[in-house]
Amino acid sequence: MNRTHPQNVDATSFGSTTSFFTGQKGLCKDCSVCFPCTRRCVCVAAIVLCILGVIAAIIALVVTVGTPPHTPVNRLCITTNNQTGFLCDNRKDCIPASQVCDTRRNCANGEDEQETLCSDLPNSLPAYLIFHCGNPSFWIYADKRCNGINDCGDCSDEIGSWASCPPCGPQQWSCTKVVFYIYCSCIPRSLCRDGIQHCFDWSDEYVCTR
Ligand SMILES: [Ca+2]
Ligand SMILES: [Ca+2]
């Protein structure tokens with residue numbers, strides 16, 4: 001009885017015979033060497049593709065949405081007189097709000113008179129520099145609010161919840177009503193007992209002391 005036995009296959013013979021995968025002679029042996037390298041190459045390529053994809057996504061986002069708007073410099077500051085001010089480029093000088101766009105260069109570089117600020121008053125000014133009066137057609141600079149003077153003309157910059165002024169200072173006298181239109185609820189004590197009525201109830205002439 002003839003039996004067919006499996007043939008012993010010499011693994012090393014593949015190296016010298018035709019490759020099962022490539023059909024090219026001599027390449028099979030190199031596969032075991034190249035395969036790890038190929039995996040590494042694939043990983044690197046994937047990372048590069050990933051990075052390129054992120055960059056492409058960012059570019060697409062910028063193109064779609066547009067470049068982010070330029071954030072204006074915050075120049076809000078408080079002057080030595082405790083008034084709302086405008087900070088100059090040197091980040092040291094704080095000029096009163098009313099010196100912005102008054103045609104005088106108060107900042108060293110003239111940034112308080114730049115066209116972007118002054119071309120369309122008051123709309124071109126930052127909101128913190130202006131105060132809107134009770135009459136919508138009037139506005140004043142923010143440092144004129146609560147300065148003891150009736151700048152709006154209707155005292156809305158000195159009296160009322162919108163102005164939110166502090167009580168009269170120690171150098172002022174508080175009146176229930178003022179005759180002279182330049183003042184509102186507080187008059188300078190220097191005007192007390194000067195022989196001229198400033199308060200409606202004459203308290204500046206009979207009660208007030210300097
Ligand atoms: Ca100025
Ligand atoms: Ca005022």
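In this predicted model, the torsion about the S-S bond of Cys88 and Cys107 is about -75°, so the disulfide is left-handed. The two residues stand 19 apart in the chain, and their link joins distant parts of it. Cys88 sits in the loop between strand S2 (84-87) and strand S3 (94-96). Cys107 sits in the loop between S3 and helix H2 (115-118). The sulfur atoms of Cys88 and Cys107 lie 2.0 Å apart. Both cysteines are buried.

In total, 9 disulfides are counted in the model. A disulfide is a covalent bond between the sulfur atoms of two cysteines. Two further pairs are described here.

Cys101 and Cys118 form a disulfide with a sulfur-sulfur distance of 2.0 Å. Cys101 belongs to the loop between S3 and H2, and Cys118 belongs to helix H2, so the bond ties together parts that are 17 residues apart in sequence. The torsion about the S-S bond of Cys101 and Cys118 is about -85°, so this disulfide is left-handed. The two ends fall into separate burial classes. Cys101 has a relative accessibility of 12% and is buried, because the class covers values under 20%. Cys118 has 23% and counts as partly exposed.

Cys168 and Cys186 are also joined by a disulfide, with 1.9 Å from S to S. Cys168 is placed in the loop between strand S5 (139-141) and strand S6 (172-174). Cys186 is placed in strand S7 (residues 186-188). The pair is separated by 18 residues and links distant parts of the chain. The link of Cys168 and Cys186 is left-handed, with -85° about the S-S bond. Cys168 is partly exposed at 24% relative accessibility, whereas Cys186 is buried at 10%.

These links belong to a protein chain with 3 helices and 7 strands. Along the sequence, the elements follow the pattern α-β-β-β-α-β-β-β-β-α. The chain has 210 residues, and buried residues make up 27% of them.

A calcium ion (ligand 2) is bound by the chain through six residues. Backbone-type O atoms are not singled out here; the donors are listed by atom name. Lys144 and Ile149 each contribute O. Asn147 contributes OD1. Asp151 and Asp157 each contribute OD, and Glu158 contributes OE. The coordination distances run from 2.2 to 2.3 Å. The 6 donor atoms subtend angles of 78 to 175° at the calcium ion (ligand 2), so the arrangement is octahedral. For six donors, that class requires opposite donors over 155 degrees apart and all others between 65 and 115. Along the chain, the donors of the calcium ion (ligand 2) follow the spacing K-x2-N-x1-I-x1-D-x5-D-E. Two of the coordinating residues, Lys144 and Asn147, can be placed by accessibility. Lys144 is partly exposed, with a relative accessible area of 30%. Asn147 is partly exposed too, at 29%.

A nonpolar patch lies on the surface. Its members are Val44, Ile47, Val48, Leu49, Ile51, Leu52 and Ile55. Together they have about 650 Å² of accessible area. Val44 is found in helix H1 (residues 28-65). At 48% relative accessibility, Val44 counts as partly exposed, because the exposed class begins only over 50%.

Definitions and conventions. Residues numbered from 1 in each chain as written. Chains lettered and ligands numbered in written order. Predicted model: local features only at pLDDT ≥ 70, side-chain atom pairs only at ≥ 80, totals over all residues. Heavy atoms only, no water. Donors = N, O, S within 2.8 Å, 3.2 Å for Na, K, Ca; no water. Tetrahedral: all angles 85-135°; square planar, octahedral: opposite > 155°, others 65-115°. Buried < 20%, exposed > 50% of the residue type's maximum accessible area, 1.4 Å probe, protein only. Patch = residues over 30% accessible without salt bridge, like charges linked within 9 Å, V, L, I, M, F, W, Y side chains within 5 Å. Areas by Shrake-Rupley, 256 points an atom, 1.4 Å probe, with all protein chains shown as cover. Salt bridge = Lys/Arg side-chain N within 4 Å of Asp/Glu carboxyl O. Helix = DSSP H or I, 4+ residues; strand = E, 2+ residues; numbered from the N terminus. Disulfide = S-S within 2.5 Å.
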